[in-house]
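Okay, thanks for coming, everyone. Let me put the model up on the screen and then I'll walk you through a few spots.

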Amino acid sequence: MTDLNPTTTVRILTTGGTIEKSYCEAEGTLKNRASIIRDGLIASLRLPYTQLELESVLNKDSLEMDDSDRQLIADAVTRTAELGEPIVVLHGTDTMADTAEYCFRKLGTPKVAVVFTGAMKPMGFIDSDARQNVTEALLAARLMPPGFYIAFHNRVFAVPGVRKNRESGTFEASAAE
């Protein structure tokens with residue numbers, strides 16, 4: 001008998017960024033904390049047909065990332081894609097398009113859909129876009145053909161050809177460089 005409701009595994013690679021920041025009362029600062037994704041976001045989603053596997057690659061603000069960090073992410077994507085399951089990469093928005101394009105240039109078209117997403121405000125903030133963006137990225141990763149994408153604010157963009165629009169606070173299509 002065929003299972004009419006199969007479960008799909010989606011691999012989530014976390015790298016830091018605003019989406020993973022939480023407020024530290026003792027210091028009065030926002031800091032990256034990988035556990036906030038598992039304990040705060042993933043645990044609250046209703047995904048009966050999706051198994052999520054989480055791996056922390058980095059825990060950095062994307063403005064602090066350099067090409068050696070991007071190479072670590074590309075290596076993690078390569079290793080994870082070998083499992084044949086779609087991938088979501090949680091990343092800071094400031095350099096997310098740079099990292100996605102770096103991966104595209106280094107790896108070409110991966111074996112699976114690799115969807116980058118992040119948030120303009122930390123997940124713990126009441127007006128955060130984190131839950132929306134992650135949920136949409138998870139669905140996009142299941143539906144899109146193999147390739148690199150950015151899912152943000154109810155849109156999915158193929159990489160290359162996307163940039164952050166700082167004035168509007170979202171991502172938009174652009175001419176591929």
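So, I12 in β1 first: its bridge partner in β4 is L54. β1 covers residues 8–16 and β4 covers 50–60, and the two pair in the parallel sense over eight bridges. Pairing here means that DSSP finds at least two bridges between two strands. While I'm at it, strands are DSSP runs of E with at least two residues, helices are runs of H or I with at least four, and both are numbered from the N terminus.

β1 also runs parallel to β5, with four bridges joining them. There, L13 has V89 of β5 as its bridge partner. Seven of the nine residues of β1 are buried, so the strand is largely enclosed by the rest of the structure. By buried I mean under 20% relative accessible area; exposed is over 50%, and partly exposed is in between, with a 1.4 Å probe and protein chains only.

Quick housekeeping: this is a predicted model, so local features need pLDDT of at least 70 and side-chain atom pairs count only at pLDDT 80 or more, while totals for chains, interfaces and linings use all residues. Residues are numbered from 1 along each chain as its sequence is written, and side-chain values use heavy atoms, with hydrogens and water left out.

Now helix α2, residues 67–81. Its buried residues include I73, A74 and V77. Looking down the axis, the buried ones fall within an arc of 160 degrees, so they line one face of the helix; that arc is taken from the directions from the helix axis to the C-beta atoms. And what do they pack against? β1 and β4 are among the partners, along with α3 and β7, where contact means heavy atoms within 4.5 Å.

On to the hairpin. β7 and β8 run antiparallel, joined by four bridges, and F152 stands opposite R155 in β8. There are two residues between the strands. H153 has a positive phi near 50 degrees, and N154 has one near 70 degrees. How accessible is each? H153 is partly exposed, at 25% relative accessible area, whereas N154 counts as exposed at 60%.

Last oddity: the peptide bond from V159 to P160 is cis, omega near 0 degrees. P160 sits in the loop between β8 and β9. For context, most residues other than glycine have a negative phi, and most peptide bonds are trans.

Terms used:
The expected span of a helix is 1.5 Å times one less than its number of residues.
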